[in-house]
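Open the model in your viewer and show it as a cartoon. Keep the selection panel at hand.

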Amino acid sequence: MNEIAHTTAAAAEQVSTEQLSTEQRLRRELAACYRLIAHFRMSDLIFTHISVRLPGPEHHFLINPYGLMFDEITASSLVKIDLDGHAVESSPYPVNPAGFVIHSAIHGAREDAQCVLHTHTRAGCAVAALKCGLLPVNQISMEFYERVAYHDYEGVALDLGEQQRLVHDLGDKTVLMLRNHGLLTVGESVGQAFLRMYYLEKACEIQLAAQACGELVLPPAAVCEHTERQFNEPGRPLAEGELSDPDGVQLAWAALLRLADRVAPGYRD
């Protein structure tokens with residue numbers, strides 16, 4: 001009996017250590033993500049938010065300390081909260097109420113939404129205000145072909161009643177355009193959510209530039225569908241002579257972390 005108890009305690013300690021290690025890694029990745037959003041000029045002072053869910057059944061997640069600029073955020077300053085918005089650990093910082101409304105809704109509804117990233121960029125807000133939404137104008141935008149959901153504007157996201165409508169409108173998509181508001185991406189990792197936002201922002205910029213120049217030329221739907229699969233299903237069965245790039249996201253995120261280490265090494269603290 002003592003041997004069993006000792007084994008069980010040792011296993012529990014190992015799980016606890018692994019979770020602590022995972023949380024520290026996620027804290028650093030999320031802090032790096034904030035610094036990268038600031039570096040690429042996709043921040044809006046203190047008013048948008050990025051979150052990552054922590055392992056475990058509690059649905060605890062990390063989010064930015066309200067009041068800090070994105071280039072000030074560090075791994076240790078991130079606030080851990082539950083789905084009800086209560087701090088899990090003591091922190092000198094509050095949490096943006098709108099951030100809680102949006103992020104807790106999605107984390108609670110989507111197991112695959114490990115990271116949720118929301119921005120108020122100029123190009124993103126402009127395309128979110130267009131009736132046509134995002135168009136397959138360029139190769140970059142075709143990653144999101146038929147993968148964009150839309151949510152109509154209801155005011156500043158301070159109403160808990162909006163959570164169900166947000167979740168319903170997002171459905172199983174990975175991108176949500178908040179009409180007259182901004183952009184939102186979800187990912188199974190911090191890196192995936194960031195890269196989706198980085199290229200979604202570029203897609204919006206390219207679309208606005210093309211629309212300002214004249215009549216758009218859009219590829220056929222079959223080409224858009226094929227290109228979307230190339231981006232999002234690299235592991236699918238390939239046609240003869242077709243290649244795939246299954247490691248692109250991981251390689252790009254590793255490169256971005258090296259960039260964060262160069263331009264904002266304090267994020268790790």
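The tour goes from the whole chain to its empty spaces, then to single residues.

**Whole chain**

Bear in mind throughout that this is a predicted model. Start with everything selected. The chain has seven helices and seven strands. Colour from the N terminus and follow the order: α-β-β-β-α-β-α-β-α-β-β-α-α-α.

Turn the model along its principal axes. The C-alpha atoms fill a box of roughly 75 × 50 × 40 Å. How does the radius of gyration compare with that of a compact globule? The chain has 20 Å, and a compact globule of 269 residues would have a value near 18 Å, so the two agree.

Switch on a surface. Of the 269 residues, 44% count as buried. Now think about contacts between residues at least 6 apart in sequence: 66% of them join residues at least 24 apart.

**Residues 28–208**

Select residues 28–208 next. UniProt lists this span, in an unreviewed entry, as "domain: Class II aldolase/adducin N-terminal". The span is 33% helix and 17% strand. Pick its two end C-alpha atoms and they lie 34 Å apart.

**The largest pocket**

Rolling a probe the size of a water molecule over the atoms shows where empty space is left. Go to the largest pocket, which has a volume of about 780 Å³. Which elements give two or more residues to its lining? Select helix 5 (190–213), helix 6 (221–232) and helix 7 (248–263).

Show sticks for Gln230, Phe231, Asn232, Asp245 and Val249. These lie nearest the centre of the pocket, out of 25 lining residues. Colour the lining by class: nine residues are nonpolar, nine polar and seven charged.

**The cavity**

The structure holds one cavity of 30 Å³ or more. About 60 Å³ of space lies in this largest cavity. To find it, select these lining residues:

- Ile102, His151, Asp152 and Tyr153, among the lining residues
- Glu154, Gly155, Ala157 and Glu162, also among the lining residues
- Leu166, Leu178, Arg179 and His181, which are lining residues too

By class, the cavity lining has five nonpolar, three polar and four charged residues.

**Two positive phi angles**

Most residues other than glycine have a negative phi. The next two stops have a positive one.

Select Asn180. It sits in the loop between strand 6 (175–178) and strand 7 (182–187). Asn180 is not a glycine, yet its phi is positive, about 60°. On either side of Asn180 you will recognise Arg179 and His181 from the cavity lining.

Move to Glu146, in the loop between helix 3 (122–128) and strand 5 (148–151). Its phi is near 60°, again positive in a residue other than glycine. Is Glu146 buried or exposed? Its relative accessibility is 61%, so Glu146 counts as exposed; the cut-off is over 50%.

**Last stop: Asp44**

Select Asp44. Find it in the loop between helix 1 (2–39) and strand 1 (49–53). Asp44 has 25% relative accessibility and therefore counts as partly exposed. Now draw a distance from Asp44 to Ala254. The two are 210 residues apart along the chain, and their C-alpha atoms are separated by 25 Å. Ala254 falls within the numbering of helix 7 (248–263), one of the helices you selected at the pocket.

Conventions: Residues are numbered from 1 along each chain as its sequence is written. This is a predicted model: local features need pLDDT of at least 70, side-chain atom pairs count only at pLDDT 80 or more; totals for chains, interfaces and linings use all residues. Side-chain values use heavy atoms; hydrogens and water are left out. UniProt positions are given in the numbering used here, feature names are shortened, and annotations may be inferred rather than shown by experiment. Helices (H or I, at least four residues) and strands (E, at least two) are DSSP runs, numbered from the N terminus. On a 1 Å grid over the protein atoms alone, a cavity is a set of points where a 1.4 Å probe fits but cannot get out, and a pocket is an open set with protein on both sides within 12 Å along at least five of seven lines; lining residues have an atom within 4 Å of a point. Grid points are joined across faces, edges and corners, and a volume is the space filled by probe spheres set on the points. Ala, Val, Leu, Ile, Met, Phe, Trp, Tyr, Cys and Pro count as nonpolar, Asp, Glu, Lys and Arg as charged, and the others, Gly among them, as polar. The radius of gyration is taken over C-alpha atoms; the globule rule is 2.2 Å times the number of residues to the power 0.38. Buried means under 20% relative accessible area, exposed over 50%, partly exposed in between (1.4 Å probe, protein chains only). Contact means heavy atoms within 4.5 Å.
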